[in-house]
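Work through the following exercises with the sequence and the structure side by side, and try each task before reading its solution.

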Amino acid sequence: MKKLLLATTVMAALSGTVMAEETVKVGILQGFTGPIESLTPAMAASAELALKEASDSGELLGGTKIEPVRADSTCVDAAAAQTAAERLVTDEKVVAIFGAACSGASTAVANNVAVPNGVVMVSPSSTSPALTTIDDKGFFFRTAPSDARQGEVLAQIVKDRGIDNVAITYTNNDYGKGLSESFGGAYEKLGGKIAINASHEDGKADYSAEVAALDASGADDLVVLGYLDQGGKGIIQTSLDNGAFSRFILADGMIGESIMEALGKDMTGSFGTLPGGENEGAEQWAEVAKAGGIENDGDGPYRGESYDAGALIALAMQAAGSADRAKIQEKMMEVANAPGEKILPGEIAKGLKLLAEGKDIDYVGATNVEFTDVGEVPGSYKEVEVKDAKFETVKVH
Amino acid sequence: MSQAHTPRSKPHNNTLRAILAFLVMGGLLVLVGYVQSWSLALTILNLCIISAIMALGVNIQWGYAGILNVGIMGFAGLGGLAAVLVSAEPVAEAWSAGGWFMLLALLLLVATVLMAVFVHRRLKGRRFHHFGVFMVVLIGYFAIRLVYDPAVEAIEAVDPSKTGYLGGLGLPVIFSWVVGALFAAGAAWVVGKVALGLRADYLAIATLGISEIIIAVLRNEDWLTRGVKNVTGLPRPVPYELNLQQSEWFIGWVERLNAAALEGLGAAERADMLQALVIDSSGIFVKLCYAGLFSLVLLIVLLLCVLALDSPWGRMVRAIRDNETAAGAMGKDVKGRHLQIFVLGSAVVGIAGAMLTTLDGQFTPGTYNPLRFTFLIWVMVIVGGSGNNLGAVLGGFLIWFIWVEAEPVGFWLVETATSWMDENSPLRLHLMDSAQYMRVFVMGLVLLLVMRFSPRGLLPEQTKLH
């Protein structure tokens, strides 16, 4: 029975000419439960929006529909993530996987499920530098840049502003630690001095001990590499209360509306970096997200990245001319990178059409996607500064 | 089973119950194989086995001796550490940068401890007893920091984005299962010496705290574990799928097995079909290898547990559990047995922890959380039936199965239940969106149901009257 099923799938994939009204499945492997469960529904919805756009256009492989299949990676439990991925790959027979969300789960799934089975994975949010060097045989892609790059950009900005002595506090996980190392290394290379580089744990009620240690280091400015509704906010709040620091240097995890509402008035002059840039597609993405009912019109962590990941899977499928796993992998780079006609959010149908005509496209999307040769985005960053209790973009790096 | 029969008086019934329960469990896994895929069924089976071993470890402590250990996570983490230290490739640069100083620091630590013990013994009952010990520890501490701090800094500075730690020994990862047991046993011995004198509830809090300390150390001592930067790509004890997919013998083997399905196809179709089959089979083959290794460990541990529980030692331990004072009055060494049990149980958890890291192929200290590594294991023991080895194994299998299958089954249930509704009806969409969260809900439900209808677990403890 199983073999028969397998044989039919293979035959269908082989037959080349795809019949109308066929559906293929794409796995949506996200941490629906676990530490980032508040972020993942909007991320999954953004990716599904892109897949729906491709399906509804009727252009995809002559009318093929994409059916998203959700599965829970739990973010922290690598064993459960692998089981969920195994289900997507061997039971649901998805042609590609959107995910996983957290870096640990992504690494486990890539090494143990996706690569052995030859299934493409596109993660919108795994930013660990370690993922650059895993032996993924070209099957792992990500639309969020590695943290290593952000640290370098931020260090350059700090140095350019003439700041030579900083204290660093980071949230104690792979994100915070990786970022603090890449920032620290780059900053010292540029001739800056790091008075103290200390971690903080999220979810504590009181950060006065951490702030006292940072203050005692004698640095004038504080680099906060954490989360805006977690320890990072607590550190800034305490620093302001104690008068320890008045200017803060922030990474992407710290930049968002909620912190401005709470503390924006006292943070004037603070600055930081945020992935993104002069995105040609930013406006279009806002419109598409609004029409698609994405929370906060798509403005939020990794939503644009998720849409792009979904769009790339659909476009690669079209470029491959079939929903074959290996062929999708071969075409991922081609549809994402120049040369070709630029495709913005909401233009997936146009992209599919061009591909069907045998033309080349360059998917730009919501976040300026361009893959490096290891299948990740180099990332452009916005330099933002706090003015009148708002983050304002100053420059793009 | 009706209320009239008390399980205690019917050991025969219990055996039947165990056989039935395991048949049902096996049936569930086979069902997954047929309905979903064999590869998935084997993935679940492998994790079931690991869970069962972990549950056996807890059962040794709680079921045999009534030791309330809620620090299982820490011992599982130490098992994971063993997998890294045994199997990761050594980082030569880091060793030359600070490795030898680190060894010196370790020697200093050992020397300090020995010295403190020596002074403690020599000065016992004399003046300056406490002061002497205190001074030894103080001097030792500063001497260690003098060597340790620069060593840490030097090691962590070695290419921090890729290594920044000493690495392991580069030995086959399978040795780590033994080393993991030793690590966990060593830690348990220290913990037990300090905390086992405590009453059950206090011991629970102490172990909870200690497990958090162990995980905090694993997360922060980057020179040893890379901390939250994770160690990935640990070598496997079994072949890699990609290597199998390229090896002649494996392809030939798959070809022969599927000769019937491949017959009568055109050359191109046949090649593609064969490739798909080879990919599929390679995954199953690798998982079968793991399943073989894990089952072997499970059988050995289970056999030892059964023999131990059935021996005079087992009776003594249960006597201590049921009435410490009476057992003490009979001349049994209550504290000694407790320590022994605590060490043994933790060692078994350590084995399972090392096996889990082996299966994942990565060590991620940031992801150890008590819900998954302590309380889920407790649920396994309680649902399975504490004090009964087979019960712990059944609990491990069943709870892990529910833990991962609740989601797809939840989807299926919601889909079936709402199939009469409109495709886009808000209620249906809402229910579909909540299907993922069924897992936690179902876990609570199972625990409640079992506690209500079979309070001593699915396979209650069998008390033999000797």
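**Exercise 1: helices on a sheet**

Helix 5 (residues 147-160) of chain A lies across strand 6 (165-171), strand 9 (248-250), strand 10 (271-275) and strand 13 of chain A, and its direction makes about 150° with that of strand 10 of chain A. This is a predicted model, and the task is to describe which other helix packs on the sheet and in what order the strands of the sheet are arranged.

Solution. Begin with the second helix: helix 6 (residues 174-189) of chain A packs on the sheet and touches strand 6, strand 7 and strand 8 (221-225) of chain A. Its direction makes about 165° with that of strand 6 of chain A.

Next, trace the sheet itself, which is open and consists of seven strands of chain A in the order 7-6-8-9-10-13-14, with mixed pairing. Strand 7 (193-200) and strand 14 (390-396) of chain A each have a single partner strand and stand at the edges, so one side of each is left without a neighbour in the sheet. On average, and with direction ignored, neighbouring strands of this sheet are turned by 25° against each other.

Finally, look at one edge pairing, where strand 13 (residues 381-387) and strand 14 of chain A run antiparallel and are joined by six bridges. Within this part of the sheet, Glu385(A) stands opposite Glu392(A) in strand 14 of chain A.

**Exercise 2: one face of a helix**

Determine which residues of helix 13 (residues 348-356) of chain A are buried, and then explain how they are arranged around the axis of the helix.

Solution. First list the buried positions, which are Ile348(A), Gly351(A), Leu352(A), Leu354(A) and Leu355(A). Viewed down the axis of helix 13 of chain A, the buried residues fall within an arc of 165°, so they line one face of the helix.

Then ask what lies over them: the cover includes helix 2 (40-57), helix 11 (303-320), strand 11 (341-343) and strand 12 (361-363) of chain A. Just after helix 13 of chain A, Gly358(A) takes a positive phi of about 85°.

**Exercise 3: the two chains as wholes**

Describe the secondary structure, the extent and the burial of chain A, and then do likewise for chain B.

Solution. Start with chain A, whose secondary structure comes to 13 helices and 14 strands. Its radius of gyration is 22 Å, close to the 21 Å that the globule rule gives for 397 residues, so chain A is as compact as a globular protein of that length. The C-alpha trace of chain A spans about 70 × 40 × 35 Å along its principal axes, and buried residues make up 59% of its 397 residues.

Turn next to chain B, which has 19 helices and two strands. Its C-alpha trace spans about 90 × 65 × 50 Å along the principal axes, while 43% of the 466 residues in chain B are buried. Of the contacts in chain B between residues at least 6 apart in sequence, 82% join residues at least 24 apart.

**Exercise 4: the contact between the chains**

Work out how many residues each chain brings to the contact, and which helix of chain B gives the most to its side.

Solution. Count the residues first: 46 come from chain B and 43 from chain A. On the chain B side, the elements that give two or more residues are helix 2 (38-65), helix 9 (241-246), helix 12 (267-310), helix 15 (334-360), helix 17 (389-417) and helix 19 (438-453) of chain B. Helix 12 of chain B gives the most, with eight residues. Sorted by class, the side of chain B that touches chain A has 16 nonpolar, 19 polar and eleven charged residues.

Note on methods: Residues are numbered from 1 along each chain as its sequence is written. Chains are lettered from A and ligands numbered from 1 in the order in which they are written. This is a predicted model: local features need pLDDT of at least 70, side-chain atom pairs count only at pLDDT 80 or more; totals for chains, interfaces and linings use all residues. Helices (H or I, at least four residues) and strands (E, at least two) are DSSP runs, numbered from the N terminus. The radius of gyration is taken over C-alpha atoms; the globule rule is 2.2 Å times the number of residues to the power 0.38. A residue is buried if 20 or more other C-beta atoms lie within 10 Å of its own, exposed if 12 or fewer, and partly exposed in between; C-beta atoms are placed from the backbone. Two strands pair if DSSP finds at least two bridges between them. Axes are lines fitted to C-alpha atoms, for helices over the stretch in contact, and angles run from 0 to 180 degrees between N-to-C directions. Two residues are in contact if their C-beta atoms, placed from the backbone, lie within 7 Å. Ala, Val, Leu, Ile, Met, Phe, Trp, Tyr, Cys and Pro count as nonpolar, Asp, Glu, Lys and Arg as charged, and the others, Gly among them, as polar. The arc is that of the directions from the helix axis to the C-beta atoms.
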